[in-house]
Every structure is written in structure tokens, then in C-alpha cells.
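Colleague: I would like a close look at a single part of this model, followed outward into its surroundings. Please start with one position and keep it brisk.

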Amino acid sequence: MKKYTDINDIPDLSEIIKEAILLKMDPFKFQSLGKNKTLAMLFFNASLRTRLSTEKAARNLGMEVMVLNVNDAWNLEFSDGTVMNGSTSEHVKEAAAVISQYADIIAVRAFPGLKDKAKDESEYVLSNFLKYATVPIISMESATAHPLQGLADAITITELASKPRPKVVLSWAPHPKALPQAVPNSFVSTMHRMDVDFVITHPEGYELNPLVTKDSKIVYNQDEAIKDADFVYVKNWSNYNDYGQILNEDPNWMMTSEKLGNAKFMHCLPVRRNVVVEDSVLDSDNSVVLQQANNRTFAAQVVLKSILDSML
Ligand code: CP
């Protein structure tokens, strides 16, 4: 791969999942591949898992890692032709080109503002790094996608599935803060590429971008959707049509042990206990959230390996 900003950058998903599982068994096998190569990780937003798992993945491949919390650097300007007499001190044109001289791969995390749909969908941070950097770019979650999470989730389902075509349900859940659609978008796109019986459930009016969901089966009754599920991925997202709004906080959408039954519970984390999901689910053997978080390392590692391979 030459970049990784979308799950569809992966040419063969099942092959890369197999490769990630092999890397998990022998994480240091390709320690010489990243020798004298540097990963720069730029965080416009906070992270626990993405930051640590991507750094660990790079180090497993022998890479050096530099982390920049962009809020500690100069305020970046992304618009063309701006008279920069306001709060921005450096243009992304220089910043991306400069960082490309220090790093062989640049990874970027930049959430949406959730105020201006067109601006968020333009992916102005990621797309400017793609445009002005001269080295490969990895998304560590952008305005509309979280492809490293999607890949980790695909690895987890592959490892834990007990039948050839498991039923996988994506269920909306309430949340007090407006959250992006990036994780559900990437999960939907990933499930479209796997051999699963996939169903989405959410309150009416909470449809995701139809360009993402395409012909996914959507069932508005959560109990009906979850029936006979093997995996239930629970995630809040703010309203896509009334962009960024919280129009529903119905606690009846919280995942409970009673609703989940014997299905495996999935969530990308961080998760608000007893808002999104009740304690008894997270504390049960049916929860696979820690496996998902562990697989973030091997998702990042297989992506970095593929990009490093392309540089040979
Ligand atoms: N799931 C995930 O991306 O976690 P962080 O926000 O902690 O990186």
C-alpha cells in the first residue's frame, strides 16, 4: 500500500487479516524492515489506544517514532490564499513538507468539528496532508473514517467467529456528547467486505451517510435486529442529517446483558459505562473490547509493514 486513509485502500482484506494474525504470533519477525525509518504521529485530538498501539506497532517493526501533539505546535492554516493575520501561524503547505523531511511515514488524527458537514466531509486536514506531504500518510481517525479501528475489528471478528458467516449487528447507543460517525462508517465499510450477515439498528432519523451504508439492512427495532446475533458492535454517533445534533438520548438503547444474550459485545473504546452499555456486559466474558484494543497493534503493524514493503 502507498497510503492508508480508508479501509478500501486494502486490496485484499482477508489476506491482510491473515497476515495480521501471523504478525500477532510473531510480532518481531520483521524488526529489520523499519530500521532507519521514522514514523511521525500528529495528534490534533486526544487518543489512548491509537497513540500507544500505533507506536508499539512501529517499534515492533524496528521504526523510530516521533509524536507531535499539534495543539503544542503552531496553529496551522489549511485554506488557500488566506491572509494569515489571525490565529494561524504556519500553513499546512510548509508544515507537511517539513515533516516529510523528518519522517518516512506520517500518521494523522483529526476529528470533525461536527458543525459544518461539507467542511468535515472535505477532510480538509487529512486531504491537505495527502496533498502536501511527500511521504505516505496513515489516518489515525479522520473526520469521516477510522480505518485502523475497522481493520482491528475485522481481525477480532475473524479470530472469534465460531461459524462461517456470523451475524454482526451495529447498534446505535445514547451518549451525552456529540460524537463523530467515523467509527461506524469504517465498521460498515469493513463489514461490506467481509462474509457476514450484517444488520444496522438505530432510532429512525439516525441514518448514517447513505453513500457509506449503501444497501445495508437497517432495522429500527433493536431487539429484532439483535436476535440471533453473534457479534453486537455498540456505538453512538451524532445525527448525520441534522448534522452533529443530539436528537435522541433514549436510555432504552443502552446495551444490557438481557438484550445481548450470548452474542459477543464489541466497542472501539473509550466507552461510558451505564450510558452506552451496562457494567454487567463489559465485565462479562461476552465482552471482547480488550481483544479489539489489542488488535489495534496488529492492524497498525500490518498496515505499516505493507507501506514499508512498498518502499523497498
Ligand atoms: N478506539 C480509539 O481510537 O481509541 P483512542 O481514541 O483512545 O485512540
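Modeller: Lys93 sits in helix H3, which runs over residues 92–102. Bear in mind that this is a predicted model. Lys93 has a relative accessible area of 34%, so the residue is partly exposed; the band for that label runs from 20% to 50%. Beyond its neighbours within four places in sequence, Lys93 is in contact with Asp80 and Tyr132. Tyr132 leads inward. It belongs to a core of 21 residues, separate from the largest one, that also includes Val92, Phe129 and Ala133. Val92 is part of helix H3 too, as that helix covers residues 92–102.

Next, Thr88. Thr88 is placed in the loop between strand E3 (76–77) and strand E4 (90–91). Its relative accessibility is 15%, and therefore Thr88 counts as buried. The limit for that label is under 20%. With residues up to four places away in sequence left out, Thr88 touches Asn75, Leu76 and Glu77. The Glu77 contact has a polar part. The side chains of Thr88 and Glu77 make a polar contact at 2.8 Å.

Now compare a distant site. From Lys93 to Asn185 the chain runs 92 residues, and the C-alpha atoms are 29 Å apart in space. Asn185 is one of the buried residues of H7. Helix H7 spans residues 182–192, and 10 of its 11 residues are buried, so the helix is largely enclosed by the rest of the structure. The buried set is Ala182, Val183, Pro184, Asn185, Ser186, Phe187, Val188, Ser189, Thr190 and Met191. What provides the cover? It includes helices H1 (13–25), H6 (147–160) and H8 (210–213), together with strands E7 (167–172), E8 (197–201) and E10 (231–235).

Ser189 is a useful residue to check in helix H7. At 18% relative accessibility, Ser189 counts as buried. Leaving out neighbours within four places in sequence, Ser189 is in contact with Ile7 and Val212. Ile7 turns up again in another list. Leu151 touches Ile7 as well, along with Tyr4, Ile10, Leu13, Ile16, Ile17, Ala299, Val302 and Val303, not counting residues up to four places away in sequence.

Leu151 brings us to the largest nonpolar core. That core has 56 residues, and those with the most contacts inside it are Tyr4, Ile138, Leu151, Leu170, Phe198, Val303 and Leu304. Helix H12 (residues 289–311) gives the largest share, seven residues. Both domains take part. At least three core residues come from each of domain 1 (7–145 + 295–311) and domain 2 (149–292).

Finally, the ligand. Around it are Ser47, Leu48, Arg49, Thr50, Arg109, His146, Gln149, Cys268, Leu269 and Arg296. Three short polar distances are worth inspecting. Leu48 places a backbone N or O atom 2.7 Å from a ligand oxygen atom. Arg49 uses its side chain, with a polar atom 2.9 Å from an oxygen atom of the ligand. Cys268 works from the backbone, where a polar atom is 3.0 Å from a ligand nitrogen atom. The ligand on its own has 260 Å² of accessible area, and the protein covers 93% of that.

Definitions and conventions
Residues numbered from 1 in each chain as written. Predicted model: local features only at pLDDT ≥ 70, side-chain atom pairs only at ≥ 80, totals over all residues. Heavy atoms only, no water. Core = buried A, V, L, I, M, F, W, Y, C linked by side-chain atoms within 4.5 Å. Buried < 20%, exposed > 50% of the residue type's maximum accessible area, 1.4 Å probe, protein only. Helix = DSSP H or I, 4+ residues; strand = E, 2+ residues; numbered from the N terminus. Domains from an automatic or database assignment. Contact = heavy atoms within 4.5 Å. Near = heavy atom within 4 Å. Polar contact = N/O pair within 3.5 Å; in protein donor to acceptor, adjacent residues only side chain to side chain. Areas by Shrake-Rupley, 256 points an atom, 1.4 Å probe, with all protein chains shown as cover.
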